[in-house]
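Reader: I would love a close look at one part of this protein, the aromatic residues that pair up inside it. Could you walk me through them and then show me how they sit in the rest of the structure?

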Amino acid sequence: HEDEENEGGKNVGPNKGVTSIDEENGFTLSDEARKKFSIETEMVTGSGPWNFPESALLLTGEEKNIYRFRNGYFKRIDIQIFEKNGSQVYLNSPELKNGDSVVVKGVGFIRTAELDVTSGESGHHH
């Protein structure tokens with residue numbers, strides 16, 4: 001197994017589900033992984049708060065997050081939830097802007113991939 005010591009350890013690389021990781025931007029997934037796990041995103045348009053399916057939410061303990069997709073990178077970001085209306089949720093985040101996308105299907109897989117490459121840390125490496 002050569003190439004196991006590249007950035008992000010043995011779980012990141014050209015033939016892996018996670019192809020690269022960047023502290024600032026997040027991480028990229030291979031096209032194959034995105035297809036296999038049926039990752040779907042919805043475009044952010046206009047200014048918030050935005051309306052997304054409840055399936056976009058990642059709720060862990062007190063944290064409320066979504067996965068933003070920008071320039072090929074997935075990144076978990078904090079959100080504020082304003083209102084839930086059936087299966088829709090109105091949310092806002094200073095880290096979202098017009099032209100970004102939000103993962104609305106496959107959030108669980110992306111969370112698993114993120115934990116896999118960050119060893120469970122919240123992504124703050126110093």
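Author: Happy to. A residue counts as buried here when its relative accessible area is under 20%, and as exposed when that value is over 50%, with partly exposed in between. Please keep in mind that this is a predicted model.

By that cut-off, phenylalanine 27 and phenylalanine 74 are both buried. A search of the whole structure gives three aromatic pairs, and these two residues make one of them: their ring centres are 6.2 Å apart and their planes stand at 35°, so the pair is tilted. Phenylalanine 27 belongs to strand E2 (residues 26-29) and phenylalanine 74 to strand E7 (residues 73-78), so this pair ties together parts that are 47 residues apart in sequence. Phenylalanine 74 also pairs with phenylalanine 69; here the centres lie 4.5 Å apart with the planes at 40°, so this pair is tilted as well. Phenylalanine 74 has a relative accessible area of 1%, while phenylalanine 69 has 14% and is buried too. Together, Phe27, Phe69 and Phe74 form one aromatic cluster.

From phenylalanine 69 we can step across to serine 101, since Phe69 is among the residues that serine 101 touches. Its other contacts, leaving out residues up to four places away in sequence, are Thr41, Glu42, Met43, Val44, Tyr67 and Arg68. Serine 101 is found in strand E10 (residues 101-105) and is buried, with a relative accessible area of 9%.

Just before serine 101 comes a charged partner. Aspartate 100 meets arginine 70 in a salt bridge, side chain to side chain, at 2.7 Å from N to O. Arginine 70 lies in strand E6 (residues 63-70) and aspartate 100 in the loop between strand E9 (88-92) and E10, so the bridge ties together parts that are 30 residues apart in sequence. The two ends differ in cover: aspartate 100 is buried at 2%, whereas arginine 70 is partly exposed at 24%.

That bridge is one of six salt bridges in the structure. Another joins the side chains of lysine 84 and glutamate 54, at 3.1 Å from N to O. Lysine 84 sits in strand E8 (residues 80-85) and glutamate 54 in the loop between strand E4 (50-53) and strand E5 (58-60), so this pair too ties together parts that are 30 residues apart in sequence. Both of its ends are partly exposed, lysine 84 at 45% and glutamate 54 at 32%.

A bridge of a more local kind joins glutamate 114 and arginine 111, whose closest N and O atoms are 2.9 Å apart. These residues are three apart in helix H2 (residues 107-118), so about one helical turn separates them. Both are buried, and they belong to a network of salt bridges that links Glu63, Arg76, Arg111 and Glu114.

Now for the whole protein. Its secondary structure comes to two helices and 10 strands, running β-β-α-β-β-β-β-β-β-β-β-α from the N terminus. Of its 126 residues, 36% count as buried. Among contacts between residues at least 6 apart in sequence, 62% join residues at least 24 apart. The accessible surface comes to about 7,600 Å², with 44% of it belonging to carbon and sulfur atoms.

How values were computed. Residues are numbered from 1 along each chain as its sequence is written. This is a predicted model: local features need pLDDT of at least 70, side-chain atom pairs count only at pLDDT 80 or more; totals for chains, interfaces and linings use all residues. Side-chain values use heavy atoms; hydrogens and water are left out. Helices (H or I, at least four residues) and strands (E, at least two) are DSSP runs, numbered from the N terminus. Buried means under 20% relative accessible area, exposed over 50%, partly exposed in between (1.4 Å probe, protein chains only). Contact means heavy atoms within 4.5 Å. Rings of Phe, Tyr and Trp (its six-membered ring) pair if their centres lie within 6.5 Å; planes under 30 degrees apart count as stacked, over 60 as edge-to-face and the rest as tilted. Accessible areas come from the Shrake-Rupley method with a 1.4 Å probe; for residues, only the protein chains shown count as cover. A salt bridge is a side-chain nitrogen of Lys or Arg within 4 Å of a carboxyl oxygen of Asp or Glu.
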